[in-house]
Amino acid sequence: MRRSYGRQPPLPKPYEFVKIDEMSDEHRCHPKGHEDYGIDKISGELKGEITTLSPVHVASGMMELTGRRDFPLVKAHTSHNGRPIIPGSSLKGAIRSIVEAISPSCVRITRLRSNQLPNNTSACKNKKSLCVSCRMFGAMDYLGQVRFSDAVLQQGYTTEIAAIPSLYSPRTREGLYFDDSGNVKGRKFYQHGNLAEGNVPIEVCPVNAKFDFILSFDNLTEGELGLLLIALGLGTPKFYPKLGGAKPACCGTLEITIPKSQIFEDIERAYLQYDVEPTDIDIPKYIDAAQEIVLNDQLQQLADILKLDEQRQCPDRNY
Ligand SMILES: [Zn+2]
């Protein structure tokens, strides 16, 4: 009997879940307006650098002619003004989903109905009462307190072509989100591992490419800034954010560092001394302050999913 490709037994799934705890009302509060700078809040800019640890592909939606015989047409990576970039929106989305998973935050994007979620975790609806990730990253018509620039590929680096498998996941996705007792499994994250090869050509930023970006923020508490630094992968246990396309095939592994930053602990004084020199950021100080917000079980689960794992082979067919 002829076997179709799709009937092979599925490979191990390339993702895992971080559990969602129920939330209490005290985890939501009024976000402060941007004009309402408190002296106990901090504002500033992190000048970040991204190093790719696996190829990164953020689809531009365009196809590109390569002039190559093997792969004449590829799915193009996103560029701006002729330079490959990781759009600020992609970076923000990836970091937000980590913040959501490791702090008492609502479940914003889900196919589940609110009565299938743990108590009080459905998306914040009242902009006077927002969870920490909605306050930081925005909700409805509230802009949020952190902004990511596009991350621009540094001079000297260029894109290349990678051939990835044509991946598909099982037809019945719904069941995957529940455990045997019908409870929601949690927030889904794709693991890192060895790149899977296939025959779909995509334009990627190669391994060890470097990007520059700026993360600006205003009116955060020390703990919120610490939460952001942990989500960037700067805490312990160490983990690595992941973004863009072909995540199941192990694309999109990033290491983020903050070579320089400007932090204003007192915003009014900062405006008077406008030419503040960038300095090194005291990462442990803010990460310590984040202990009051971070959910430690979830941080451990996430770090275990997003650790580097050279033994792990990403699926090259159905999973
Ligand atoms: Zn929320």
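What geometry does the site of the zinc ion have, judged by the angles among its 4 donor atoms? In this model, which is predicted, those angles run from 105 to 115 degrees, and the site is tetrahedral. The donors are the SG atoms of Cys106, Cys124, Cys131 and Cys134, which coordinate the zinc ion at 2.2 to 2.3 Å. Read along the sequence, these donor residues follow the spacing C-x17-C-x6-C-x2-C.

Two of the cysteines can also be described by their accessibility. Cys131 has a relative accessibility of 0% and therefore counts as buried, and Cys124, with a relative accessible area of 8%, is buried as well, because the term covers residues under 20%.

From the zinc site one may turn to Pro31, which lies in the loop between β1, residues 15–18, and β2, residues 42–52. Although Pro31 belongs to a loop, its relative accessible area is 6%, so this residue is buried. Leaving aside residues up to four places away in sequence, Pro31 touches Lys127, Lys128, Leu130, Arg135 and Tyr142. A further relation across the chain links Pro31 with Asn219: the two residues stand 188 residues apart along the chain, while their C-alpha atoms are separated by 9.6 Å.

The helices offer another view of the structure. Helix α1, spanning residues 88–102, and helix α3, spanning residues 222–231, have axes that come within 9 Å of each other and cross at roughly 115 degrees, and the crossing in which α1 passes α3 is right-handed. On the α1 side the residues that take part are Ile95, Ile98, Val99 and Ile102, and in α3 they meet Leu227, Leu228, Ile230 and Ala231. Sorted by class, this contact of α1 with α3 comprises 8 nonpolar residues, with no polar and no charged ones.

These details can be set against the chain as a whole, which contains 6 helices and 13 strands. The chain has 319 residues, of which 48% count as buried, and Cys124, Cys131 and Pro31 are examples of buried residues. When contacts between residues at least 6 apart in sequence are considered, 81% of them join residues that are at least 24 apart. The contacts of Pro31 with Lys127, Lys128, Leu130, Arg135 and Tyr142, like the meeting of α1 residues such as Ile95 with residues of α3, give the reader particular places at which to examine contacts in the model.

Terms used: Residues are numbered from 1 along each chain as its sequence is written. This is a predicted model: local features need pLDDT of at least 70, side-chain atom pairs count only at pLDDT 80 or more; totals for chains, interfaces and linings use all residues. Side-chain values use heavy atoms; hydrogens and water are left out. Donors are N, O and S atoms within 2.8 Å of the metal (3.2 Å for Na, K and Ca); water is not among the atoms, so sites may look incomplete. Four donors count as tetrahedral if all angles lie between 85 and 135 degrees; four count as square planar and six as octahedral if opposite donors are over 155 degrees apart and all others between 65 and 115; anything else is irregular. Buried means under 20% relative accessible area, exposed over 50%, partly exposed in between (1.4 Å probe, protein chains only). Axes are lines fitted to C-alpha atoms, for helices over the stretch in contact, and angles run from 0 to 180 degrees between N-to-C directions. Helices (H or I, at least four residues) and strands (E, at least two) are DSSP runs, numbered from the N terminus. A crossing is left-handed if the near helix is turned anticlockwise from the far one by less than a right angle, and right-handed if clockwise. Contact means heavy atoms within 4.5 Å. Ala, Val, Leu, Ile, Met, Phe, Trp, Tyr, Cys and Pro count as nonpolar, Asp, Glu, Lys and Arg as charged, and the others, Gly among them, as polar.
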